[in-house]
Amino acid sequence: MSNRLLEGKKGIIFGALDEKSIAWKTATRCFEEGAQLVLTNAPVALRMGEINKLAAACGNAPVIGADVTNMDDLKNLFEKSLEHFGGKIDFILHSIGMSLNVRKGKHYTEMNYEWNQKTLDISAMSLHKVLRTAWDLDALNESASVVALSYIAAQRVFPDYNEMADAKALLESVTRMFGYYYGVKKKVRVNTVSQSPTRTTAGSGVKGFDGFVNYAEKMSPLGNASGEDCANFCVVMFSDLTKMVTMQNIFHDGGFSFTGVTQEVMEQMEK
Ligand SMILES: NC(=O)c1ccc[n+]([C@@H]2O[C@H](COP(=O)([O-])OP(=O)(O)OC[C@H]3O[C@@H](n4cnc5c(N)ncnc54)[C@H](O)[C@@H]3O)[C@@H](O)[C@H]2O)c1
């Protein structure tokens, strides 16, 4: 169903790896809602080739490679996007996460700090780099909307989430800080959406992920929010209906974040 909420809008979508990716589902919904898109991912992810299917389904959207930690790549991405659109950009989805310590099985208490630097750069400071590039090139329209994806481990402890908890806390801080400056300068909105655990490549990398998903499902009055639900919410965040929302971390989690305990979990504990 389309409400044409993004008619005439132009956006860059970071992080569509395969059909399970939240970015993939968001790109699909944005296109259905009338947006024009540029798709981007790290060169190594583009070599998988999957993204070309998404591009074809989104009106032959250009696919431009960029390592999100590399300022030259980002400059090239924004310059080419401005040229392609023939104008400035209305929305950006930052849907990027990677933890080297998780990937290499290092416990939080035994963290490798070089890997940690890389994790924070890819998963959090990259949002600063994206915003800085847009700022320097004056690439965003007034009231443009930037959304990055986060997780509740930024506020509360989920042990196996490891260093990504710190990365998400930093990501949410960059959102507030840059959101302030970009709001004052150009009414640009910057927010994070804190999503339920979702079965994707990045998600499944977390140890005990199935346990995470099932626990959250039982602890959420509405159940877990799916990737499709998240895509719908991002559409609303990119639309003009939310133009006074900025610097927020918005929980999109079926009520998990404000639930102390549910009847279902209590019954399990009483067994
Ligand atoms: N899946 C979940 O349970 C869940 C829950 C809450 C938040 N999130 C967040 O959602 C976002 C998207 O993740 P996903 O679950 O769709 O998984 P995903 O694996 O499909 O997406 C992660 C993306 O990050 C990209 N990426 C990694 N390093 C990069 C780099 N250097 N430059 C550019 N891109 C790079 C990958 O290529 C991939 O496309 C992440 O920020 C993740 O932390 C996921």
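**Helix α7, helix α1 and the ligand shell**

Q: What follows α7?
A: Lys187 comes right after α7, and its phi is positive, near 60 degrees. Helices here are DSSP runs (H or I, at least four residues; strands are E, at least two), numbered from the N terminus. This is a predicted model, in which local features need pLDDT of at least 70, side-chain atom pairs count only at pLDDT 80 or more, and totals for chains, interfaces and linings use all residues. Residues are numbered from 1 along each chain as its sequence is written.

Q: Why does the span of helix α7 agree with its 23 residues?
A: The expected span is 1.5 Å times one less than the number of residues. For residues 164–186 that gives 33 Å, and the end C-alpha atoms are 31 Å apart, so the two agree.

Q: Where does α7 bend?
A: At Gly179, by about 25 degrees; the bend is the angle between axes fitted to the seven residues ending there and the seven starting there.

Q: What makes α1 largely enclosed by the rest of the structure?
A: A residue is buried if 20 or more other C-beta atoms, placed from the backbone, lie within 10 Å of its own (exposed: 12 or fewer; partly exposed: in between). In α1, 9 of the 11 residues are buried, so the helix is largely enclosed. Among them are Trp24, Lys25 and Phe31.

Q: Which residues surrounding the ligand are the closest?
A: Ser21, Gly97, Thr200, Ala202 and Gly203 are the closest of the 26. A residue is near a molecule if its C-beta atom, placed from the backbone, lies within 6 Å of it. The largest share of this shell, 3 residues, comes from α8.
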